[in-house]
Protein chains: 2
Amino acid sequence: MRVASEKPDVVIVGSIAFDTVETPREKRENLIGGSATYASFAAALFSSVGIVGIVGEDFPQDIISLLQTRGVDTRGLVVRPGKTFFWHGKYEADMETRTSLRTELNVFSDFDPRLPPEYADCPYVFLANIEPRLQLCVLEQVREPRFVMADTMDLWIRTAAHELDSVIRRVDLLTVNESEIRLLSGETTLVRAARRLLARGLKHVLVKKGESGAVLFSGERTLFIPAYPLEEVRDPTGAGDAFAGAFIGALAERGCTNLEDLFAAALSGSSVASFAVESFGADGLARLTKAQAISRREQLLSMIHPFPVKD
Amino acid sequence: MRVASEKPDVVIVGSIAFDTVETPREKRENLIGGSATYASFAAALFSSVGIVGIVGEDFPQDIISLLQTRGVDTRGLVVRPGKTFFWHGKYEADMETRTSLRTELNVFSDFDPRLPPEYADCPYVFLANIEPRLQLCVLEQVREPRFVMADTMDLWIRTAAHELDSVIRRVDLLTVNESEIRLLSGETTLVRAARRLLARGLKHVLVKKGESGAVLFSGERTLFIPAYPLEEVRDPTGAGDAFAGAFIGALAERGCTNLEDLFAAALSGSSVASFAVESFGADGLARLTKAQAISRREQLLSMIHPFPVKD
């Protein structure tokens, strides 16, 4: 068990939830979910993490203990009277298309992210998918972070474009999926869409493509990150959050943000995301060891480096 | 101008056609198309090629001359009284989903592929998408080729499963897209689908994923080949054939079929395929230079090798 340090390397702000997930084969109720939960378990494999979020009194104490056991500082976790954010979704046969059957914000509707004062100097920050207004509120509370990444979704692109644009102008990396980047940029091809976002001041855009991997647009460079080919995908929920969490955790561990660091971190992200979709619920990641994550990262590397290695 | 050698390095057997292609933005009529045409122009960038196919008397002599100019031996090209194979297709807004509006086999309905006797010892063979019965007929005419690859389509998977299975048992590599491999294997995930095909005796399965690249399953190894990110896709027709043609041409140029040769050849395939979709018609590839193809292959390599190169 790692002890939370005074100042974690990575701060993660986002949702913490109960999820009910239906796939063509299974239905699982009241899983531990939420973007911050997936991302924190993933990031904690590589670095010390502080989670900032809100839960209701119904949230299990043993999950909070599990986060702590995995090296996640929970001083930024607020417990409020009421119920935890609840989401019920259903996946189609392709295991990508999904429908939200029910969303109950509950205590999350009052989320006002307050970082513990010790977090103000945290060098790595992940603003998971929450209202851009709240993401901006977090950015006001950190001093000269080394690397900030943000996630978003179609809802905010449609309803909070102005605030989202302010977020984009202030972070280093934005992570989006293909339909989101098209919606956000008005362009159909990824290259043009990414170029348009980079022109708004972003340094990097990470486009998540599910089982087809991810593409990182970074200035004039484009990097391709493979997805680990799985025999079975059980629950795609949280894959993007696990990717992002492992990415920023691995980046913090490297302590550098050069192109090769970003690429190596993205391979870690892809590795951990592949484990995330092999089981239901964010707490599945708590069973993952760093050695397993690294081993699969090495396998991913071997998928794009079949050449004899020169030393 | 290269002079066709006695025995080309690569034999390509497939369709030669006129295509009318509609995209959301454009409609172009009577383009030069066909799997063998795309593949031959692509392969000829790297090796000497012999094309085996059939056209009607309406097929332009200047395209035959263009093939020859590009180093394609046309002794296996039969000209018959009647009209050339005609296809009319329409692409949806995603530029992937397509509908065949009209298919006229014309002289292609009598296609009985006969290899010039000099081709019997050709080391590299690509059986483009034609009836499996005809692919088997070609296999009867070659002696101990070093590497044979075959393409197929949903129609043959549904209607000629037995003959297709015989093809699969006799070739080294099968190239398919995602829906085809699912249909062919009855499995939903690519890993399981590929494993099932490899168990039938194939050495390699190449899964084409359009703008998401390609995955090569080779024994226990899996390789990921990125697609070149394009600003604009004008006509996706022939992308897979151009990929396959450049792949086998580059493989023949290397003269080896180790894993790193296959990977390098696949990068060449991805490079040339990206040029193919940037213009309408197979003859667009005749304007492509080998230097351009190699330059883009290097760019593809840099997308997956951002690390400092050790020498």
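How many residues does the contact take from chain A and from chain B? Chain A gives 32 residues, and chain B gives 32 residues as well. Keep in mind as you look around that this is a predicted model.

Let's stay with that contact for a moment. Between chain A and chain B, about 3100 Å² of area is buried, and carbon and sulfur atoms give 56% of it. Charged groups turn up here too: six salt bridges are found across the interface of chain A and chain B. If you'd like a pair to look for, try E231(A) and R192(B), which form a salt bridge whose closest N and O atoms are 3.2 Å apart. Polar contacts also link the two chains, with 14 residue pairs found across the interface, both partners at pLDDT 80 or more.

So where on chain A should you look? The elements that give two or more residues to the side touching chain B are α6 (178–185), α7 (190–198), β13 (221–225), α9 (259–276) and α10 (290–304) of chain A. Sort that side of chain A by class and you get 15 nonpolar, five polar and twelve charged residues.

Now turn to another part of chain A. Strand β4 (residues 49–56) and strand β5 (residues 72–80) of chain A pair in the parallel sense, over seven bridges. To find your place in this pairing, pick out I54(A), which stands opposite V78(A) in β5(A). Helix α2 (residues 61–69) of chain A belongs to this picture as well: together, β4(A), α2 and β5(A) make a right-handed β-α-β unit.

Conventions. Residues numbered from 1 in each chain as written. Chains lettered and ligands numbered in written order. Predicted model: local features only at pLDDT ≥ 70, side-chain atom pairs only at ≥ 80, totals over all residues. Heavy atoms only, no water. Pairing = 2+ DSSP bridges. Helix = DSSP H or I, 4+ residues; strand = E, 2+ residues; numbered from the N terminus. Right-handed = clockwise from strand over helix to strand, strands pointing away. Contact = heavy atoms within 4.5 Å. Buried area = accessible area lost by both parts, 1.4 Å probe. Salt bridge = Lys/Arg side-chain N within 4 Å of Asp/Glu carboxyl O. Polar contact = N/O pair within 3.5 Å; in protein donor to acceptor, adjacent residues only side chain to side chain. Nonpolar A, V, L, I, M, F, W, Y, C, P; charged D, E, K, R; others polar.
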